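Thanks, everyone. Let me put the model up, and then I'll walk through some strands and a cavity.

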Amino acid sequence: MPDRIAAEDYLEALAAHDIEHLFVNPGTDFPPIVEAFSRAARANRKVPRPMLVPHESVAVAMAHGYTAVTGRPQAIMLHTNVGTANAINMLINASRDRVPMLLTSGRTPYTESGAEGSRSAHIQWAQEMFDQAGMLRELVKWDYEMRRGDQAASAVDRAMEIASASPQGPVYLSLPREVLSERVAGRAESTCDRRAVSRPPVARADDIETLADWIAEARNPLVITAMLGKDPRESVVLARLAERYALPVIPYFTRFFAVAADHPMFQGSSPGALLEDADLVVVFETDVPWVPSRQSPRSSARIVQIGEDPLHVRLPMRSFPSDLTITATCLSVLEALEIALAARPAPHVAARDARLRDRSSRLHDGWKGEAEQAGKAEVVTLPWLNHCLRDVIDADTKVVSEYSFRQEYCALTAPGSLFALSSAGGLGWGFPASLGIKLASPGSLVLSVLGDGAYMFSNPTACHYVSQMQNLPVLTIIYNNGLYGAVRQATLDMYGHGLAAEADGRLLADLPAPSFEKIVAAHDGHGERVDKPADLPAALQRAASAVRAGTQALVNVVCN
């Protein structure tokens with residue numbers, strides 16, 4: 001066996017941290033990694049599974065999706081500067097959603113000759129950067145360049161303890177080719193078993209007492225969530241509390257399943273009149289609980305902000321008021337609150353419960369009627385599309401939404417069943433994230449509902465390739481309205497009475513769409529186009545059946 005190289009220590013250190021997959025988009029800086037994987041296979045040593053992904057953004061979003069299901073950080077390795085730059089869009093999403101991951105990339109060889117790994121290709125002069133980490137430093141909790149071969153294990157240990165500390169997030173490690181190829185004396189052991197374990201924060205007892213008093217006294221409380229449900233146990237406790245104490249819940253631009261849509265206290269996905277009437281607003285893990293230019297609670301309302309980072313310190317400007325700020329996990333607050341509330345009289349619960357159950361019934365009747373009426377129209381609309389999804393979703397289905405899924409029309413009931421785009425809105429996340437989610441939950445139907453722009457941004461050819469080659473059949477549904485809906489809406493919001501409105505705000509927003517269903521066909525998948533509402537239910541059933549039989553599928557739904 002040849003002398004041991006640092007890349008072997010590196011891969012084995014990843015495995016010591018229970019990293020199952022190394023998502024790679026390789027370049028000329030990868031030869032030591034290739035050699036280390038080959039040696040590990042020959043010696044049957046434990047290392048992560050290498051997963052070749054033909055686009056960097058797809059690799060990062062797959063790791064994001066895998067961790068969203070399992071809670072376990074994964075690693076990504078990309079080519080030096082140009083490859084790393086391709087990943088930044090998806091890194092923004094991971095950063096804003098506080099997803100722990102180890103993003104690594106090669107570094108252009110710094111020696112021109114004379115060392116193992118010195119420059120050997122023309123591009124390696126132009127690809128060197130003065131500060132490669134500078135282009136992503138704002139998005140990671142920690143960055144470092146490995147400088148010696150015998151640092152491999154300790155560098156990984158340091159990276160992972162920081163990525164996993166509360167609040168979690170991505171970290172970045174640069175791996176020079178010369179360093180990875182250094183010969184090392186013996187095996188460097190990871191010290192991960194002896195590193196400090198950072199415990200998530202829990203609420204102070206007096207803060208829980210104050211919050212319990214306020215909830216017991218409130219006539220019109222309101223709960224707003226966005227990231228609650230990242231740990232599915234949070235949804236279970238919230239559902240109990242909400243029903244027992246008649247607490248209306250609004251999952252606002254939610255990124256996870258917070259509460260079932262058939263729960264009597266689910267009151268839709270927009271605060272609406274409940275916010276204006278509330279005397280207590282309890283905000284769980286929500287960076288933007290309302291949009292002040294459109295709506296705000298009344299000045300006398302008490303505001304409570306709860307989360308591992310309730311001030312959202314990485315957002316440059318955020319000015320939402322708070323009368324009580326609790327730095328703690330949602331689960332710890334909910335569990336403590338359940339005990340505290342049980343010891344308090346809550347005189348307004350009965351009246352509030354009756355009022356909110358009646359409101360919930362009227363809302364559900366309205367949503368159902370709206371969807372059924374949409375099914376009789378000439379073109380497909382979002383309510384009808386979501387309504388039809390009910391017949392293909394089961395208890396084990398995991399839904400990935402990039403703008404187009406609405407629980408009002410398609411009720412999910414299982415914690416951990418919904419994953420949505422981060423509030424940063426880096427388009428192209430949904431499709432590759434669904435592949436990572438499928439990798440983590442192979443027995444589930446994984447369904448992603450995307451806008452046509454989101455599908456194009458996802459590097460769909462790379463995604464379909466991974467689905468085919470890695471045997472990850474997923475169902476992709478495109479809500480194809482032929483435009484950038486967010487761009488058009490922003491234009492009309494500002495210039496609804498301007499000249500731009502004369503063209504319905506569609507200037508710079510039109511996206512005449514190709515036959516997306518033919519792209520999946522090129523990868524031996526099942527593809528269909530639907531133009532009429534009446535044709536949609538059967539098309540979705542055929543596509544879901546294909547996926548459950550092991551073939552990826554795409555339904556291109558042409559909408560209004």
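First, a term: two strands pair if DSSP finds at least two bridges between them. And a caution: this is a predicted model.

Start with strand β1, residues 21-25. One of its bridge pairs puts L22 opposite P50 in β2. That strand, β2, covers residues 49-52. Four bridges join β1 and β2, and the two run parallel.

Now the other pairing of β1. Strand β3, residues 74-78, also pairs with β1 in the parallel sense, again over four bridges. Here N25 has L78 of β3 as its bridge partner.

How does the chain connect β1 and β2? Look at helix α2, residues 31-43. Together, β1, α2 and β2 make a β-α-β unit, and the unit is right-handed.

Next, burial. Is β1 mostly covered or mostly open? Mostly covered: five of its five residues are buried. In a regular strand, side chains alternate between the two faces of the sheet. So which residues of β1 lie on each side? H21, F23 and N25 are on one side. L22 and V24 are on the other. Both faces are covered.

Let's move along the chain to a sheet. Five strands form an open sheet, ordered β8-β7-β9-β10-β11, with parallel pairing. Which strands sit at the edges? They are β8, residues 249-251, and β11, residues 324-327; each pairs on one side only. From one strand to the next, the twist averages 15°.

Zoom in on β7, residues 221-225. Three bridges pair β7 with β8, in the parallel sense. One partnership to find on screen: I224 with I250 in β8.

That brings me to empty space. Rolling a probe the size of a water molecule over the atoms shows where such space is left. How many cavities of 30 Å³ or more are there? The count comes to one. The largest cavity holds about 60 Å³ of space.

What lines it? Among the lining residues of the largest cavity are I215, L247, V282, F284 and L334. Four elements give two or more residues each to that lining: β7, α10 (232-244), β9 (280-284) and α12 (330-342). The largest share, three residues, comes from β7. The lining also includes P221, L222 and V223.

And the chemistry of that lining? By class, 11 residues are nonpolar, with no polar and no charged ones.

To recap: β1 pairs in parallel with β2 and with β3, and β7 gives the largest share of the cavity lining. Over to you for discussion.

Conventions. Residues numbered from 1 in each chain as written. Predicted model: local features only at pLDDT ≥ 70, side-chain atom pairs only at ≥ 80, totals over all residues. Heavy atoms only, no water. Buried < 20%, exposed > 50% of the residue type's maximum accessible area, 1.4 Å probe, protein only. Right-handed = clockwise from strand over helix to strand, strands pointing away. Axes fitted to C-alpha atoms, helices over the stretch in contact; angles between N-to-C directions. 1 Å grid on protein atoms, 1.4 Å probe; cavity = no way out; pocket = protein on both sides within 12 Å on 5 of 7 lines; lining within 4 Å. Points joined across faces, edges and corners; volume = space filled by probe spheres on them. Nonpolar A, V, L, I, M, F, W, Y, C, P; charged D, E, K, R; others polar.
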